[in-house]
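Me: I would like a close look at a single part of this model, taken slowly and in connected prose. Please choose one sheet, follow its strands through their pairings, and then set the helix packing beside it.

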Amino acid sequence: MYQALRDREPCRALESQSFALAICAYVLGEFAVARTALLNCLRIDADVEEYWHLLAFTCRHLRAMDEFNSIVFGGRRDVLASDSDYAAAETDARLADHGRASTGPAEGSPDWQGAFRDLVAVRGSALQLPQYAAVLTEIRRSMDDWIPIRQFEAYEALLARLGLCLRVDCAFLPLSGQEQPLGIEYAPTTRARGSDPASIKDPRASLHVIVSRRPSWADETLANSWYAVVVDGRVLTKPKIDHLRLGLAFGYPECCVRSFIQYNRWGQMCNLTEAANNSRRTRWEANCLTKNTPWMTIFHIPCAFDCPATVDYSQAVLAAVAGIDLGYASKLEAFIKQTVLVVNEKLSYALVGAVSAGDDRVRYEEAIDLCANLSFREPSDDDRTRALRSANELLVTGDSIVLFRDGAVCDVLELRCDGGVVENPLLLHFE
Ligand SMILES: [Zn+2]
């Protein structure tokens, strides 16, 4: 049927046939076909937002980010102007000069070694460092990051020194707490407004960037890297197939990417519970709960906590970290070999000095909030952190976490599944 639609002369096709062709071609990765079909739809009816939406994302795959930006951010709704031959266009996503003041490198920890020292200084953050080691050694194909706009020039220069390619997706600006844009429930992990990177002036902006050793890998990732950010008062999501493509473009294990696509629905299920149910062992190499701290090897949620592809990947990343900074690698390994309490997909704790005190019960010396760096925190998350810190033993039951201080109950954390994120507590002993 796809073949029959594709072989039809575009001008003889009905609007519905052209749109069906465009969707099929997009899913199959035949983006030039998708573009022709969408332009035909738009010639028939230029007022259908879905056509513009899919055309914009088709442009990303055709390496035409300028076209994407002009449709999405510039509000361009002119068919003829869009109908240029951009299939062969070269992507040059580097930003023009926006008059940013160079503030020089931010202060970094003197303990970091080699490339890590420079990355911490320029980015002003020690998060994701092992992923840079993974990209430098091609253990993963690419990664993404958010760079404050003031630091972008220094970052761009550092990446060139490290031999890494850089692509810019779009600018992120924080949403104020009161804003409730249309469709915000479809953006559980992102609370940002998206803007054209070429025209952003706001000093609070960060640029969402793609980093890779190879230009072709960077371009492939960029094509799929749109996040659900707010544009013109509503959340703009990408075609679903691009979630799968993004995971593969990053170089994550395919088993884990497919599991993520299936289970990453915070409101209905917990991906981490599914991974735990799919595991025979809880291997430290597959500890993804520390990903928002500097002490991590994997960013993806594994399909199981003993997924062989994830374990291999994690060991390779740790070796790459050790190649740059041996001291960091040994601290990192010690940190991820811990017991973790998962409250929900956006709240978990490392339980320092954890000792089992029976099934689902553990004594601990300290609870470290592994999600303190996340932007989408609820005030109740901090209340829970305080409660866990004032206890030294806990028991996980079906719908609550009972906290003890020196053997006596001191608090009970009630858990819910109706607050937008499923709360199904897990104690994971990574060993
Ligand atoms: Zn896997």
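Reply: What follows describes one sheet and then two helix pairs.

The model is predicted, and the description should be read with that in mind. The part chosen is an open sheet of 4 strands, whose order is β11-β8-β7-β15 and whose pairing is antiparallel. Because β11 (366-369) and β15 (426-429) each have a single partner strand, they stand at the edges, and one side of each is left without a neighbour in the sheet. With direction ignored, neighbouring strands of this sheet are turned against each other by 25° on average.

Within this order, the pairing of β7 and β8 can be followed in some detail. Strand β7, residues 339-344, pairs with β8 in the antiparallel sense over 5 bridges, and the connection from β7 to β8 is a hairpin that passes through 2 residues. In this pairing V342 stands opposite S348 of β8. On the β11 side, strand β8, residues 347-352, is joined to β11 by 4 bridges, and these two strands likewise run antiparallel. Here Y349 has D369 in β11 as its bridge partner. As for its surroundings, β8 has 5 of its 6 residues buried, so this strand is largely enclosed by the rest of the structure.

The helices can be set beside this sheet, beginning with α7 (residues 114-123) and α9 (residues 152-162), which pack at an angle of about 165° with their axes 9 Å apart. Since an angle over 145 degrees counts as roughly antiparallel, α7 and α9 are therefore roughly antiparallel to each other, and their crossing is left-handed. The contact brings A115, D118, V122 and R123 of α7 together with A154, Y155, L158 and L162 of α9. By class, the residues of this contact of α7 with α9 comprise 6 nonpolar and 2 charged, with no polar residues.

The other helix pair consists of α10 (residues 215-224) and α11 (residues 241-250), whose axes come within 8 Å and cross at roughly 155°. These two helices, α10 and α11, are therefore roughly antiparallel to each other, and α10 passes α11 in a left-handed crossing. From α10, the residues E220, T221 and N224 meet D242, R245, L246, A249 and F250 in α11. The residues of this contact of α10 with α11 divide into 3 nonpolar, 2 polar and 3 charged.

Key. Residues are numbered from 1 along each chain as its sequence is written. This is a predicted model: local features need pLDDT of at least 70, side-chain atom pairs count only at pLDDT 80 or more; totals for chains, interfaces and linings use all residues. Axes are lines fitted to C-alpha atoms, for helices over the stretch in contact, and angles run from 0 to 180 degrees between N-to-C directions. Angles under 35 degrees count as roughly parallel, over 145 as roughly antiparallel, 65 to 115 as roughly perpendicular and the rest as oblique. A crossing is left-handed if the near helix is turned anticlockwise from the far one by less than a right angle, and right-handed if clockwise. Two residues are in contact if their C-beta atoms, placed from the backbone, lie within 7 Å. Ala, Val, Leu, Ile, Met, Phe, Trp, Tyr, Cys and Pro count as nonpolar, Asp, Glu, Lys and Arg as charged, and the others, Gly among them, as polar. Two strands pair if DSSP finds at least two bridges between them. A residue is buried if 20 or more other C-beta atoms lie within 10 Å of its own, exposed if 12 or fewer, and partly exposed in between; C-beta atoms are placed from the backbone.
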